[in-house]
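Subject: Structure handover

Hello,

Here is the structure I promised to pass on. Please open it next to this email, and then read my notes below.

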Amino acid sequence: MYGLCRTNQIRALARLTPLLVVGLWGCDGGFFAEPASQSTTVVIELTEGSSAPAASPAPGTSPSLGTSPAPGAAPRSAFATTAARGSIRAFDAVDRAHIRVELEGGGGIDEVIEAERVGGDLHLTVELDLESATVPGMIQLELRTGSSALFEGSSQVALERGTRNTVELAMSPVPAAVELPAPPPPLEAIGDSLPLGGAVVFATGDTVPGPSPEWRSLDPGVVEVVGTGLAVATGEGEVRLEASHGSLSSQWLVRVEPVVVAINVRPGQLTVAPGEEGALEAERLDRRGNRLHLPPVEWSSEDPSVVTVDDEGTVTGVTPGTTRVFARSGDAEGWAAVEVSIIPPEVETLEPTEIDEDAATFEARVTPGGASGQVVFRYGRSPDLAESSTTGPVSFDAADGTTVVSTRVTGLEPSTAYYVRAEATNPAGTGSGETVSFTTVEAAVETVTLSPSVVQIAPGVTATLEVELRDRRGTLLAPRPVEWQSEDPTIATVDDTGRVEGVQDGTTRVIAQAEGVEGAATIEVALLAPLAETLEPSRLLERQVRLDARVTPRTAPTQVVFRWGLDSSLQNASVTAPISLDPSSSSSLVRQSILSLTPNTTYYYRVEATNAAGTTVGEIRSFRTLQELPAPTITNVFDDGGVFVYWDYPSELIGQVYFELERGIVEFNAPPTSWNQIATLEVTYYNDEDAEPGYTYGYRVRACGDGVSCSPYSNIDSTYVWHYDQAPDEPSMAELHPATALDLFGGTPGESNPIPEPQPACRAGASTLFCQRVEFLPPN
C-alpha cells in the first residue's frame, strides 16, 4: 500500500479546475504523488498478483512502481490520481469509491471500496492481476459519500508490470440538486423586478463551483425572465419560475400583486333614463401607471335615490337628477357623474319571424328611455323605404325596461323581398333601428283546376288539358311541376303534359296533382256529332257581312261552313270555304266574311258542322245589307282667323258615321291634285287653324261607317287665306254679317238669330278667284 503525501494544497482545491493529476515519484524510500501546483493527491495502489521481481528505475528517469517491496510482499503495480478542483468539504466527505478498470483483451476490476483516510489523506487499495508485462486499459473512478456520487472521472491507462505509472485523470463534480433561496415577497407593480439566485450543489449540500442554474418562467404573461438573472413582472397573478441544471430543477413561486394607487371611472359622465341601465368601468392603475384587472373594486352611489349601482358597475336610473358613483380599492378611489333624465328611446329592429307567403311577424327590442311610448314598423320593397307602409302603433311601458314588441303584418306578396325598420317614439323624441330585409316564402298550392272540366273525344283522338294553380288567396300561381294520372287508362291515357288520348268508349277521370293538391277532369270517350249554333252577324255593311257561329267539335275533328243565299230555304245557296276545328268539349266562335253583296238586300244563312259522327246544322237566320252611304255636301267655307268648313248630311245617319275631311292647294283655278286628310270628325263642321296665309285651299269630305265602307267624296269648296296686315281696313265677317256672326258657334241663348240669304263678301281689290263664298247654315 502506498499512501497519500498530503500537503497544504488541499485547502485550495475549491479554486481550481477539476483535474486530477496522478504523478508517482519516490517518497521516504517509497514513492509519493508529486504535488502539482495547488492540487490534492489521491493515491490508488494496485497490487499485482505476480511474484516476478520488479526492475529498478534507470538513473535520470521516472521511478518505477514496485521498488523496495515490503518483506514477503509480492511485486505490485499501482497508480494514483489527483482530485479535480471542487469543494473541499465535499472532498472531505468522500468515504468510498467505485473503481472500474477494464483491460484490453479482458479482465480488470469493478469494485466499490471503502476509502481510508490517514491524517486526512484518502487511501484506496485494490489488487489487479496482469497477464502480460504491459496491458492497456480504461480506468473509471467515482468518489462517493454513502451511495451518492460526489466526483467522477475516467482515462486511458497502460499498466506495466513492476513499474510505477503517471496518469492524468479529469475529475468532474457530480451535481445532486439545484438549491434556491426562500420565495420573495409579492411584486407590487407590473414592471417590478427581482434578482434570481440559486446554486448547483453536491449531495452533501455543498455548492458545486462554476455552474449556475438556468431560469425560465412557466407563464411569461405574469413574470418574464430577462437575461440570466432577472425576473420582471408582466401581469397580475402568480407563476412558478424554474431553475435547472442538466436534468436537475427546482421551482420558485412568485406572486405579482400590484397595489392600486389610482382609479379612473369611464365614462366620466353618463346619462340614463329612469329604469334604464348603464355601464361604468373602473380603470385601476399601479404606481407605474399600468392598467390592472385585479383586485376588484367596490362600487357605491352617492345618492341611491337618483342612481343605484351593483358590484359590476352597472348603474340604474331611479328618478331624474344628478349624483356621483364611486369606485374604491384600498386607498384609491375614482368617480363618475351620472345624470338621470328622459331621453328618446333606443330601438333595435329584429329579424322578422313566422314568415309565410303573405304575412310576417315584425319584432323590435326597445329601451324606453325613461318614458312610455309607441313603436311602428315601416316596410316596403325598396331598401331606402322611399315608398313604404307603416303598421299600427304598438305600445311599450317604461316600467318594463328594455322589452321586445311585435306585430303581425298580412297582405304581403309571395316570394318577394321586403325591407322593414322599427321606429320608437316617446315624449323626448324618436329613435330608429337599422333596416333589415326578409323574403316571403313561395305561396303554397291551394287549388288545382283543370280546363276544360269535361272532355269529349273519340277513340284515337287527343285533347290537351290546361292546369291552373292558385294559392289560398285565389291568386294564380306560376307553373309548377304537375303529376298526371288517368284513373282508367283502358278508356283514356294522359302524358306528362296533360295531353289526353281516347282509347275506347267509356268515362273516366284524369287527375293532376301539384304539391299534394289534386284537381280532376271528366273524360268521355265516344264518337259524338258536333254542336252548332247560328249567331247574328258581327259586322254588316253595304256590300259585305261577317257571319258568326258557335261550334263545339266534341269528340272528332270538325269542318265548319256557312250556307247562304237570297232564298229563305237556302235552295241553290252558296257555301263558304270550310274551317277546321280540333276535337274539344269547349265551344269555339267561328267567323267568316262574305264580300260583294248588294246594298239594301236581304240574305239568309246558317252554320253547318260535320265530323265522323255526322253533320249538325244551325237555324236559318237573315240579315239585310246597309243602304250605301250618301256623299256629304259642303255648304260653306270662309276665312275668319281660321278657315271654317261646314257641310250637310242626313240627320238620321249622324252618329252612325264619321267624317274624313281633306285639304289641298288650289292652283290656277284647278282643283287640288294632292289631298291631305286633316281631321276625323263626328260633327259636320271644322275650324282649320293650320291653313297658312297667302294660299287658296280646297276642301272635301266623305262619310265612313265602321272603318270599312265610305261614301263618295263631297263637292269641293275653296277659300283664300288672307294676310290681314295687307288689308287692315277691311271688315271682319262679324262686321259684314252682325246678325248671324254668333250662328257659327251655335248662337247666344235668349237671342234671336235670323238666318240671312247667302251672299258674297269680297275683299276690296281682290279678283274673283280669291272671292270668299259665305253661306250660313242654321245652328245644329
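Does Asp 192 count as buried or exposed? Asp 192 counts as buried, because its relative accessibility is 9% and the cut-off for buried is under 20%. Keep in mind that this is a predicted model.

**The chain overall**

The protein chain has two helices and 67 strands. It runs to 780 residues, and 43% of them are buried. Take the contacts between residues at least 6 apart in sequence: 62% of these join residues at least 24 apart.

**Salt bridges**

Back to Asp 192. Its side chain meets that of Arg 287 in a salt bridge, at 2.3 Å from N to O. This pair links distant parts of the chain, 95 residues apart. Arg 287 sits in the loop between strand E24 (281-285) and strand E25 (291-292). Asp 192 sits in the loop between strand E13 (177-179) and strand E14 (193-195).

How many salt bridges does the structure hold? It holds 37. As a general point, side chains of opposite charge can pair when their charged atoms come close.

A second one joins the side chains of Arg 324 and Glu 302, at 2.8 Å from N to O. Here, too, distant parts of the chain are linked, with the two positions 22 residues apart in sequence terms: they are 22 residues apart. Arg 324 belongs to strand E29 (residues 321-329). Glu 302 is in the loop between strand E26 (298-301) and strand E27 (307-309). Arg 324 is partly exposed, with a relative accessible area of 29%. Glu 302 is partly exposed as well, with a value of 45%.

Arg 328 and Glu 333 also meet through their side chains, in a salt bridge of 2.9 Å from N to O. Arg 328 counts as partly exposed at 32% relative accessibility. Glu 333 counts as partly exposed at 42%.

Some charged residues form a network. Salt bridges link Arg 266, Glu 281, Glu 283 and Arg 291.

**A buried glutamate**

Where does Glu 662 lie? It lies in strand E60 (residues 658-665). Glu 662 is buried, because its relative accessible area is 8% and buried means under 20%. Its side chain has a polar contact of 2.8 Å with the side chain of Tyr 713. Leave aside the neighbours within four places in sequence. Glu 662 is then in contact with residues including Trp 675, Ile 678, Tyr 699 and Arg 700. Tyr 713 is on that contact list too.

**Two open sheets**

One open sheet has three strands in the order E16-E19-E20, paired antiparallel. Its edge strands are strand E16 (214-217) and strand E20 (248-256), and each pairs on one side only. Neighbouring strands are turned by 25° against each other on average, direction ignored. Strand E19 (residues 237-245) and E20 are joined by nine bridges and run antiparallel. Arg 240 stands opposite Leu 253 in E20.

The other open sheet described here also has three strands, in the order E23-E28-E27, with antiparallel pairing. Strand E23 (277-279) and E27 are the edges, each pairing on one side only. The twist from one strand to the next averages 25°. E27 and strand E28 (residues 314-317) run antiparallel and are joined by three bridges. Val 309 has Val 315 in E28 as its bridge partner.

**Nonpolar cores**

Which residues touch the most other members of the largest nonpolar core? They are Ile 99, Leu 124, Leu 141, Leu 143 and Phe 151, in a core of 28 residues. Helix H1 (88-92) supplies at least two residues of this core. So do several strands, among them strand E6 (96-103), strand E10 (134-145) and strand E11 (148-160). Another core lies apart from it. That core has 25 residues, including Leu 465, Val 482, Ile 491 and Val 510. In soluble globular proteins, nonpolar side chains tend to be buried together.

Best wishes

Notes:
Residues are numbered from 1 along each chain as its sequence is written. This is a predicted model: local features need pLDDT of at least 70, side-chain atom pairs count only at pLDDT 80 or more; totals for chains, interfaces and linings use all residues. Side-chain values use heavy atoms; hydrogens and water are left out. Helices (H or I, at least four residues) and strands (E, at least two) are DSSP runs, numbered from the N terminus. Buried means under 20% relative accessible area, exposed over 50%, partly exposed in between (1.4 Å probe, protein chains only). A polar contact is a pair of N or O atoms within 3.5 Å; within protein, one must be able to donate a hydrogen and the other to accept it, and residues adjacent in sequence count only if both atoms are side-chain atoms. Contact means heavy atoms within 4.5 Å. A salt bridge is a side-chain nitrogen of Lys or Arg within 4 Å of a carboxyl oxygen of Asp or Glu. Two strands pair if DSSP finds at least two bridges between them. Axes are lines fitted to C-alpha atoms, for helices over the stretch in contact, and angles run from 0 to 180 degrees between N-to-C directions. A nonpolar core is a set of buried Ala, Val, Leu, Ile, Met, Phe, Trp, Tyr and Cys residues joined through side-chain atoms within 4.5 Å.
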